[in-house]
Amino acid sequence: MTPSHAAEGGSAVLVEGVSKVFSTGRRQQVVALTDIDLVVSPGEFVSLIGPSGCGKSTLLRLIADLDQPTTGAVSVFGKTARQARIDQDYGIAFQQAGLLPWRSISENIELPLELHGVGRRARRERSAELLDLVGLTDFADRYPEQLSGGMQQRVAIARSLAESPELLLMDEPFGALDEMTRERMQNELVRICRETAAAVVFVTHSIPEAVFLSDRVVVMSPRPGRIRDVLDVSLGSAGERDDGLREAAGFFATVSAVREALHGTPASAEETAGAARGVDNR
C-alpha cells in the first residue's frame with residue numbers, strides 16, 4: 001500500500017519522505033534517517049528491526065513527536081504528530097519501565113489520567129480494568145521495587161494503555177528481560193493487542209521476537225537508516241499466536257527470510273534454528 005492510498009483509506013501512522021539530520025557541533029552533521037516512507041494500518045502490528053544506530057528509535061520518536069523530522073511529514077490518524085501527542089492518541093513504552101518508586105502500582109497506572117484532570121474515581125476504575133488486563137490485580141497496592149522486571153514491564157504497558165490509545169509505540173520494551181520472561185511478555189502483548197485492537201509500532205533487535213509478534217517486519221539499513229525491505233508475516237493473525245508457533249516450520253522460514261533481508265546473505269540451517277531460539281550463531 002502506498003502512502004497516498006493509505007491516506008485515502010485511513011492509516012494509524014503515515015510517514016512520508018522523512019529524513020532526520022542531527023547537528024553534532026563544529027558544523028558537523030549526522031544523517032540518521034533518509035527518505036523514509038511507511039504506513040501502519042489501524043490494528044496492525046509492525047516491527048522495526050535493523051543494526052544498532054540505524055535510526056529505529058529515532059523513527060519512533062518522530063512518530064511520537066518527541067523529535068521533529070528535518071524533511072518530510074509524519075501523521076497519526078490523519079493528524080500531525082504534534083496534535084496526536086496533544087490528543088493522547090498513542091501510548092508509549094520504553095526498555096526501562098520508568099515507574100515512579102514512591103507511587104503504588106495502581107497510582108503509576110493512573111498517572112497519565114491524573115495529569116489530564118481525570119477524577120479520582122474514574123482513575124481508580126480504569127486502573128482496576130488495566131490491572132486485570134495485565135494480570136496484576138493482586139499487586140495494586142504494591143510498589144515497583146516489590147515486583148519483578150517482567151511485572152514492572154506489564155505495569156508500564158498498562159500505564160501506556162491508560163487513556164485507551166489506538167496506537168502503541170514500543171521501544172525494545174523487553175530488551176532487558178531474560179529469555180523466558182521475554183517470551184512470556186511477548187505472549188502477554190499478543191493477548192493485550194487482541195483485546196484492545198491497538199496498532200503497534202515496535203522496535204526490537206530480535207528477529208524471532210519481530211516475527212512472533214508482527215503482521216509486518218520493516219528491515220532497516222545501517223546508518224543513514226533507510227527501509228531496506230518490508231516482509232509480511234504470514235503466520236495467521238498476530239493477535240492469535242501462541243508458544244506452538246515458535247516451533248512451526250513457517251516461523252523458522254520467516255526468521256530466515258528476515259535474517260537474509262537484514263544481513264544480505266542466506267542463513268544456514270544451523271543459523272536459522274539458532275536465531276529462532278534467540279541464539280546468535282554468527
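This section describes the sheet, the nonpolar cores, one covered helix and the cysteines of a predicted model.

The sheet is open and consists of 6 strands, arranged in the order S6-S7-S8-S3-S9-S10 with mixed pairing. Strand S6 (90–93) and strand S10 (227–232) occupy its edges; each has a single partner strand, so one side of each lacks a neighbour in the sheet. On average, and with direction ignored, neighbouring strands of this sheet are turned by 15° against each other. Within the sheet, strand S7 (residues 167–171) and strand S8 (residues 199–203) run parallel and are joined by 5 bridges. One of the residues involved is Leu 167, whose bridge partner in S8 is Ala 199. Helix H9 (residues 249–263) packs on the sheet, where it touches strand S3 (45–49), strand S9 (216–220) and S10. The direction of H9 makes about 170° with that of S10.

In soluble globular proteins, nonpolar side chains tend to be buried together. In the present model, the largest nonpolar core comprises 51 residues. The members that touch the most others in this core are Phe 45, Met 170, Leu 189, Phe 202, Val 211, Val 219 and Val 258. A second core, separate from the largest, contains 28 residues, including Leu 38, Leu 62, Ile 63 and Val 203. The surroundings of Val 211 were examined further. When neighbours within four places in sequence are left aside, Val 211 is in contact with Val 217, Val 233, Leu 235 and Arg 241, and also with Phe 251, Thr 254, Val 255 and Val 258. Val 258 is thus found both among the contacts of Val 211 and among the core members that touch the most others.

Helix H4 (residues 105–115) is mostly covered, with 8 of its 11 residues buried. The buried positions are Ile 105, Ser 106, Asn 108, Ile 109, Glu 110, Leu 111, Pro 112 and Leu 113. Helix H5 (120–133) and helix H6 (149–160) are among the elements that cover these buried residues. Just after H4, Gly 117 adopts a positive phi of about 80°.

The cysteines were considered last. A disulfide is a covalent bond between the sulfur atoms of two cysteines. With a cut-off of 2.5 Å between cysteine sulfur atoms, the count in this model is 0 disulfides. Cys 54 has a relative accessibility of 0% and therefore counts as buried. Cys 193 is also buried, its relative accessible area being 13%, which lies under the 20% cut-off for burial.

Definitions and conventions. Residues are numbered from 1 along each chain as its sequence is written. This is a predicted model: local features need pLDDT of at least 70, side-chain atom pairs count only at pLDDT 80 or more; totals for chains, interfaces and linings use all residues. Side-chain values use heavy atoms; hydrogens and water are left out. A nonpolar core is a set of buried Ala, Val, Leu, Ile, Met, Phe, Trp, Tyr and Cys residues joined through side-chain atoms within 4.5 Å. Buried means under 20% relative accessible area, exposed over 50%, partly exposed in between (1.4 Å probe, protein chains only). Contact means heavy atoms within 4.5 Å. Two strands pair if DSSP finds at least two bridges between them. Helices (H or I, at least four residues) and strands (E, at least two) are DSSP runs, numbered from the N terminus. Axes are lines fitted to C-alpha atoms, for helices over the stretch in contact, and angles run from 0 to 180 degrees between N-to-C directions.
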